[in-house]
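Here is my note on the structure you asked me to look over, set out as numbered points. Please keep the sequence and the 3D view open beside it as you read.

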Amino acid sequence: MTIDHYAVFGHPIKHSKSPLIHRLFAEQTGQPLIYTAEDVPQQAFAMAIERFFLNGGRGLNCTLPLKELAWQTASHLTPRAQRAKAVNTLTLQADNTLLGDNTDGIGLLNDLTHNHGIAIKNQRILILGAGGATRGIIAPLLDHGATNIVIANRTPEKAHFIAQEFQDLGDVTGCGYPALENQRFDLLINATSASLSGDLPPLPPKLLRDNASCYDLAYADRPTAFMDWSHRHGARLALDGLGMLAEQAAEAFYIWRNIRPETATVIAYLNQQRQHGIPS
Ligand code: NAP
């Protein structure tokens, strides 16, 4: 029996939960594969990717700071990766070319809607941050019927620029944080990397409509500063991105193995691990 090799490249990568998640998916579905994590800084990406696929690698996930490089490297792109200008999943094709995809958006959508019952249709959504993750989530949110999306960013020009790029898909506008004063939203999504350093973007206090939910794409062993802010300001739900991580991995697994793993038990296991402070 051939054991296929998959991996995640990123920098840093030591604390990645992807090897554990894919091991659990492989056990659950009986798929013969291994999944490893490699620390690959940007300057080493081209060599590392060539070596990985020459040595028989079948598929690769790319995380910070490599998603844009992966987008440039892929020979072909799915429409959602083309839109996002960021690739987190590379798949070796029969003709030895690499197909680039972006599973972050569908991962977030599945966690919000299937796992937490959060509505997207007719909702007014605020996205904080204008980086690669934001690019990956705008189109699926609009596809699911969001009324409008406001992107707020520390560097407002980047928010304006992304908003313009997605305007053909729906009502998307960009701004800086001061322009959020007197605006109200049903769903707040923190797609900044501020949480990774315990920071919080400068948010006005009255951003949330009744029953609003808040979602931080980042995840940690403890609630993030954004989740704390959300609870203090009356959010119905304040979630982090652990479920999204498992869901985007499930979509990559499906692309590679044509089998959709079940995610609920895997997410429950990850949550249990962090409750008990077990590093993965
Ligand atoms: P990125 O491209 O580097 O963009 C980072 C964004 O955060 C930029 O808009 C930046 O603003 C903003 N920012 C950074 N520090 C800030 C601060 N202290 N205050 C306000 N804004 C700040 O990163 P990314 O790839 O989009 O990732 C964003 C976050 O999503 C990360 O935490 C990442 O781990 C998470 N993520 C999670 C998943 C998952 O599966 N759960 C998937 C993808 C991403 P400027 O433009 O002004 O610099």
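Which of the 25 residues around the ligand come nearest?

1. The model is a predicted one, and I begin with the surroundings of its ligand. Of the 25 residues around the ligand, those that come nearest are Ala133, Asn153, Arg154, Thr155 and Lys158, so to speak the names to find before any others.

2. Two of these residues also appear among the polar contacts. A polar side-chain atom of Asn153 lies 2.8 Å from an oxygen atom of the ligand, and a polar side-chain atom of Arg154 likewise lies 2.8 Å from a ligand oxygen atom. With Ala130 the atom concerned belongs to the backbone, for a backbone N or O atom of that residue lies 2.9 Å from an oxygen atom of the ligand. As for cover, the ligand has 930 Å² of accessible area on its own, and the protein covers 83% of it.

3. Where in the chain does the shell around the ligand come from? The elements that give two or more residues to it are α6, residues 132-143, and α9, residues 242-257. The largest share, three residues, comes from α9. Seen by domain, the shell draws at least three residues from domain 1 (4-102 + 248-275) and at least three from domain 2 (105-240). Seen by class, the shell is made up of 11 nonpolar, nine polar and five charged residues.

4. I turn next to the sheets, beginning with the one whose pairing is parallel. This open sheet has six strands, in the order β9-β8-β7-β10-β11-β12. Why is one side of β9 and of β12 left without a neighbour in the sheet? Strands β9 (172-175) and β12 (237-239) stand at the edges and have a single partner strand each, so each has one side with no neighbour in the sheet. On average, and with direction ignored, neighbouring strands of this sheet are turned by 20° against each other.

5. One pairing in this sheet can be followed down to single residues. Strand β11, which covers residues 208-216, pairs with β12 in the parallel sense over three bridges, and Cys214 stands opposite Ala238 in β12.

6. Another open sheet of six strands has the order β2-β1-β3-β5-β6-β4, and here the pairing is mixed. Its edge strands are β2 (33-39) and β4 (76-77), each of which pairs on one side only. Within this sheet, strand β3 (residues 57-62) and strand β5 (residues 89-92) run antiparallel and are joined by three bridges. If you wish to locate that pairing in the view, Gly59 has Thr91 in β5 as its bridge partner.

7. Some details of the backbone deserve a careful look as well. His11 and Pro12 are joined by a cis peptide bond, with omega at about 0°, and Pro12 has its place in the loop between β1 (4-10) and α1 (18-29). A cis peptide bond also joins Leu64 and Pro65, again with omega at about 0°, and the loop that holds Pro65 is the one between β3 and α3 (67-73).

8. My last point concerns a backbone angle. Which residue has a positive phi although it is not a glycine? The residue is Asn122, whose phi is about 65°, and its place is in the loop between α5 (104-115) and β7 (124-128).

Methods
Residues numbered from 1 in each chain as written. Predicted model: local features only at pLDDT ≥ 70, side-chain atom pairs only at ≥ 80, totals over all residues. Heavy atoms only, no water. Near = heavy atom within 4 Å. Polar contact = N/O pair within 3.5 Å; in protein donor to acceptor, adjacent residues only side chain to side chain. Areas by Shrake-Rupley, 256 points an atom, 1.4 Å probe, with all protein chains shown as cover. Helix = DSSP H or I, 4+ residues; strand = E, 2+ residues; numbered from the N terminus. Nonpolar A, V, L, I, M, F, W, Y, C, P; charged D, E, K, R; others polar. Domains from an automatic or database assignment. Pairing = 2+ DSSP bridges. Axes fitted to C-alpha atoms, helices over the stretch in contact; angles between N-to-C directions.
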